[in-house]
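Trainee: Could we go through this structure together, one question at a time?

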Amino acid sequence: MPRPKINRKMVTPPKFKGFKPYGYYAEEQAPVSMLFEEYETIRLCDYELLSQSEVAQFMGVSRPTVTRIYESARRKVAIAFSEARSIVIEGGNVFFDSNWFHCKNCKSHFNNPENHKKLICPVCDSKSVLPVNHAQNNLTT
Amino acid sequence: MIAITSTGNTLLAGIDKYFARCSYFLLFNETDGSHIFIENNCRTAKENAGLLAVDMLLKKGVRKVISGEFGMKVKSVLDEKKIQMILISDINKTINDIITLLKGK
């Protein structure tokens, strides 16, 4: 049995569930499934412009692991681009650095540093608030 | 006290996508509903702009910050200081929209 994977830390949940191509060749095809940690490495390496060793520190894994995750992420993006397939972000071994919540009313994300038991949205006071980490429990490896 | 990152110093300005590099902070007082704009002097800092901005806001008594996005370093600091972070994904909203939401409680 292989050694279990270490959970990777994520800073923010992605603001979307996936991407879809459009245009003449963009027909319905099986989507490319990208893991949460792969999305996060692309974001940290290429958007926040961190070096891979810094990314490794943030995600709590070793530098070579980041390289592997990043490579796999890039290949998935390449497959999606060249075969005109959509990308779905799902699964992976991740946990979030703080407890994030999503307000269904005003669509904002927020955390709960003071651990209030009764959760209401700090912006619009709506009670329809969902924990983002909840989705994580349904993730498969 | 809530800090909102703003692109300008009027109520019609939009929410700034970035926390530390925003042009202005709007400080909204929850108890009496008043607000003031303060210029963000930390935006020109070469590095650690976020940490400088957090220090500045802490001195003003801010407990919640609303922004489009927070940097990596800022997040851990804000977590440590137990300041609530609120991310607004719809950056087309103006400061006025947010204040109306906040006042509508």
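**Where the chains meet**

Mentor: Happily! In this model, 23 residues of chain B are in contact (heavy atoms within 4.5 Å) with 25 residues of chain A. It is a predicted model, in which local features need pLDDT of at least 70 and side-chain atom pairs count only at pLDDT 80 or more, while totals for chains, interfaces and linings use all residues. Residues are numbered from 1 along each chain as its sequence is written, chains are lettered from A and ligands numbered from 1 in written order, and side-chain values use heavy atoms, without hydrogens and water.

Trainee: How much area do chain B and chain A bury between them?

Mentor: Buried area is the accessible area (1.4 Å probe) that two parts lose on being put together, summed over both. Carbon and sulfur atoms carry 57% of it here, and the total is about 2,100 Å².

Trainee: Which element gives the largest share of the side of chain B that touches chain A?

Mentor: Helices (H or I, at least four residues) and strands (E, at least two) are DSSP runs, numbered from the N terminus. β4 (64-67), α2 (72-80), β5 (84-88) and α3 (95-103) of chain B each supply at least two residues of that side. The largest share, five residues, comes from β5(B).

Trainee: What is the bridge partner of A:S108 in β5(B)?

Mentor: Strands pair if DSSP finds at least two bridges between them. Strand β7 (residues 108-111) of chain A pairs with β5(B) in the antiparallel sense over three bridges. In β5(B), the partner of A:S108 is B:I88.
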